[in-house]
Amino acid sequence: MPYTLVIVESPAKAKTIEKYLPEGYHVVASQGHLIDLPKSKLGIDIEDNFKPIYQAVKGKGPILNELKKAKAKADEVILATDADREGEAISYHLANYLGIDLSEHNRIIFNEITPKAITEAMQNKQHVNLDLVDAQQARRVLDRLVGYQISPVLWKKVMRGLSAGRVQSVAMRMIVDRENAIDAFVPEEYWIVDAILKKGRTQFTAHLTKIGSSKAEIHNEQDASRISEDLQNASYVVQSVKKAERTRKPLQPFITSTLQQEAYSKLGFTTKRTMAIAQQLYEGLDLEGQGHIGLITYMRTDSTRLSDDAVAQAVAAIESQYGKKYLGDGQTRSTKKAKSLQDAHEAIRPTDANLDPEKLKKVLTNDQYKLYSLIYRRYLASRMAPAIYSTIAVDILADGNYTFHATGSKIKFDGFLAVYDVDAEKEETSLPEMAEGDIVKLSKLEVEQKFTQPPPRFTEASLVKALEEEGIGRPSTYSPTISTIQNRNYVSMEDRKFVPTDLGKAVIKLMVENFASIVDLGFTASMEEHLDKIADGKENWVQTIADFYEGLKVDLDKADDITRISLPEEETDEICEKCGKKMVIKYGRYGRFLACPGYPECKNAKAITKSIEVQCPICGMDIIERKTKKNRIFYGCKGYPECDWTSWYKPRGKDCPKCGNMLFIKGKKAFCQHDGCDYSEDYNPE
């Protein structure tokens, strides 16, 4: 019997796909890249047209040997790695290593792990796309030239163990620039005046918007008091009433970046956690009566496109569950610049619209259920009718000089909101019936002092959104970029927002002053466009790299003249128990630590602890925030090692009202971990 070898990336995927194929097919996993650039050196021959020097990945020798043996027995080898540039490169390197003819149709592409998708892929074999391979190779060479040649400069001029990177450096610059804008921000005082008015028995709020014919701008208490006095005994007359209808189109189905943003804001998931759970859903689960099946399409995509079959399934599900009036025309509100789309495959969606989240709840973990439900609902909503609102806008004139404005809106038809909750759009505000010339009564005035606010710090979600809008990086880069800047201690997290450390600021200062193009947003975005053109076969990758390196080489040649940056040593109130000096904060491999300024005579050093102002349930001492060597945060008793209480979850500082034990925080929920207690409550850190 003919023997066909199919090579995928993931072992879980291999087991699933083999079940879909007929007898005589054997599916094995490469477990990612097997051939790559060396880790310990640059691995690029700059003089020979930037030729990459590939080698077997350390520790992957046994897998390569097994693949070689399996290939020797096979009548045919099919390359079925992931449907992106990385997957194409893995297929290319496997073909070269195993002696497979790259001109043959031995590559299959599928966007979901279902019997239908695998069957269709087998019927439409392709050859390895060398343009995509070149684009992946160009990215790797670019990143090597930046990382392996600028990082040693950081070691010499700032501190050992640092790293530079095309995308991570730009992300850090955005964070540092935002922090500088916050530091430079000068708040300005302003006052708002609201009138609580009454028509019949109904009260409503109107906002002062005009004084005379000018916009109402009140900058001090004296003016606010004078205006308030004028308004106390004024007559309030309805000047105009405008009624209208407003429609709200549904959002498009998820792409990688919007899934990461929405999972962060709605579920409290980090980008890393989101992608890990999405990978599990893509690889699939065993479902009763259906076997092992992938639940979502490929989760690394820039495309919002849905296949005709996916659209038909969504339409059928909407019509069945909600009725024909909820069907939309497919016109959704765009969330992405069209020029940056890579339409290699579909949006992230369920593989089968009949697999309702509630039907799968018993077989999914809690996190899987939450993310799958989010993806499912967004997919259905994208094909539903717009929401329709009845709106009313009323202008009210007080004392013939002050104009107040009030608005109201009601949902006339919920449309896609029946499936996908958009908090701001679900809110309704009602106004009483009013007509021009009506008199309304003043119940009270509310006068409040305000100050303008600085721009907000980036969260994971807003950073991903900003990178996407600027055209920096691609779907596969956002999560590792965020992990890198955290692991390198370039940022700390405060209330789930990025705050650049002194180390991060020092690195960006050096980069801006000496490698300006690397941290220039426009330049980095243009490089992504060049990579896209290489993938489309419109540019030569070697020429693109040569043009880039010409400028980088000029900057590198000046690196010896860069002035060394000394990180500030902040004195603390912590007293060195060995010599009595006040300890200072220094930076090391694992971030900030306390050190004695008397070094080298006194070598005392210890970790910086941060109390969360909650007492240990065992001994009553403070619980402090700690970090593992891999920079993962956990919580432990300050009395360690005498008291060994620890938790991965942050204590809430409040006891469970049901059983009296400690509550812990997970995302936007506080929950009880005590056996047999299922209490949880909403938690908002702000």
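Colleague: What does pLDDT do over residues 337-343, and how many contacts beyond four places in sequence does the model have there?

Modeller: This is a predicted model, and its pLDDT stays under 50 over residues 337-343. The model has 13 contacts beyond four places in sequence for that stretch. Where pLDDT is low, the predicted coordinates shouldn't be read in detail.

Colleague: And what is the mean pLDDT of the protein?

Modeller: The mean is 90, and 96% of the residues reach 70 or more.

Colleague: OK, give me the overall picture. How many helices and strands does the protein have?

Modeller: There are 18 helices and 30 strands. The C-alpha trace spans about 95 × 80 × 60 Å along the principal axes. Of the 686 residues, 48% count as buried. Among contacts with a separation of 6 or more, 64% are between residues 24 or more positions apart.

Colleague: On to charges. Why is the Glu76 and Lys125 pair called a salt bridge?

Modeller: Side chains of opposite charge can pair when their charged atoms come close. The cut-off is a nitrogen within 4 Å of a carboxyl oxygen. Glu76 and Lys125 have N to O at 2.9 Å, so the pair passes. The whole structure holds 34 salt bridges.

Colleague: Where do Glu76 and Lys125 lie?

Modeller: Glu76 is in strand E7 (residues 76-79), and Lys125 is in the loop between helix H4 (115-123) and helix H5 (130-157), so the salt bridge ties together parts 49 residues apart in sequence.

Colleague: Are those two buried, exposed or partly exposed, and how do you know?

Modeller: Buried means under 20% relative accessible area and exposed means over 50%. Glu76 has 28% and Lys125 has 25%, so each falls in between and counts as partly exposed.

Colleague: What makes Arg474 and Asp532 a salt bridge?

Modeller: The closest N and O atoms are 2.7 Å apart, and the limit is 4 Å, so this pair makes the cut. Distant parts of the chain are linked here: Arg474 is in the loop between helix H14 (460-470) and helix H15 (478-487), while Asp532 is in helix H17 (residues 521-535), 58 residues apart.

Colleague: And how do you know whether Arg474 and Asp532 are buried?

Modeller: Arg474 has a relative accessible area of 8% and Asp532 has 13%. Each value is under 20%, so both residues count as buried. Arg85, Asp302, Arg474 and Asp532 are joined into one network by salt bridges that share partners.

Colleague: What distance goes with the Glu346 and Arg349 salt bridge?

Modeller: It is 2.8 Å, N to O, and both of those residues are buried.

Colleague: Now the rings. What makes the Trp645 and Phe664 pair stacked?

Modeller: A pair of aromatic rings is described by the distance of the centres and the angle of the planes. Centres must lie within 6.5 Å, and planes under 30 degrees apart count as stacked. Trp645 and Phe664 have centres 6.4 Å apart and planes at 15°, so "stacked" it is. Trp645 is in the loop between strand E25 (633-637) and strand E26 (646-647) and Phe664 is in strand E28 (residues 662-666), so the pair ties together parts 19 residues apart in sequence. Both residues are buried, and ring pairs link Trp645, Tyr649, Phe664 and Phe671 into a cluster.

Colleague: Then why is the Tyr236 and Phe404 pair called tilted?

Modeller: Planes under 30 degrees are stacked and over 60 are edge-to-face, with the rest tilted. Tyr236 and Phe404 have 55° between the planes and 6.0 Å centre to centre, so the pair is tilted. Tyr236 is in strand E11 (residues 236-248) and Phe404 in strand E15 (residues 402-413), 168 residues apart. Both are buried.

Colleague: Which way do E11 and E16 run, and how many bridges join them?

Modeller: They run antiparallel, joined by two bridges, and Val237 stands opposite Ile439 in E16. Two bridges is the minimum for a pair, so E11 and E16 qualify. Strand E8 (residues 189-199) has ten bridges to strand E16 (residues 439-451), also antiparallel.

Colleague: Back to E7. What makes E2 and E7 edge strands?

Modeller: The open sheet has the order E2-E1-E7 with parallel pairing. Strand E2 (25-29) and E7 each have a single partner strand, so one side of each is left without a neighbour in the sheet. Four bridges join strand E1 (residues 4-8) to E7, with Val6 opposite Ile78.

Conventions: Residues are numbered from 1 along each chain as its sequence is written. Side-chain values use heavy atoms; hydrogens and water are left out. A salt bridge is a side-chain nitrogen of Lys or Arg within 4 Å of a carboxyl oxygen of Asp or Glu. Buried means under 20% relative accessible area, exposed over 50%, partly exposed in between (1.4 Å probe, protein chains only). pLDDT is the predictor's confidence in each residue, from 0 to 100. Contact means heavy atoms within 4.5 Å.
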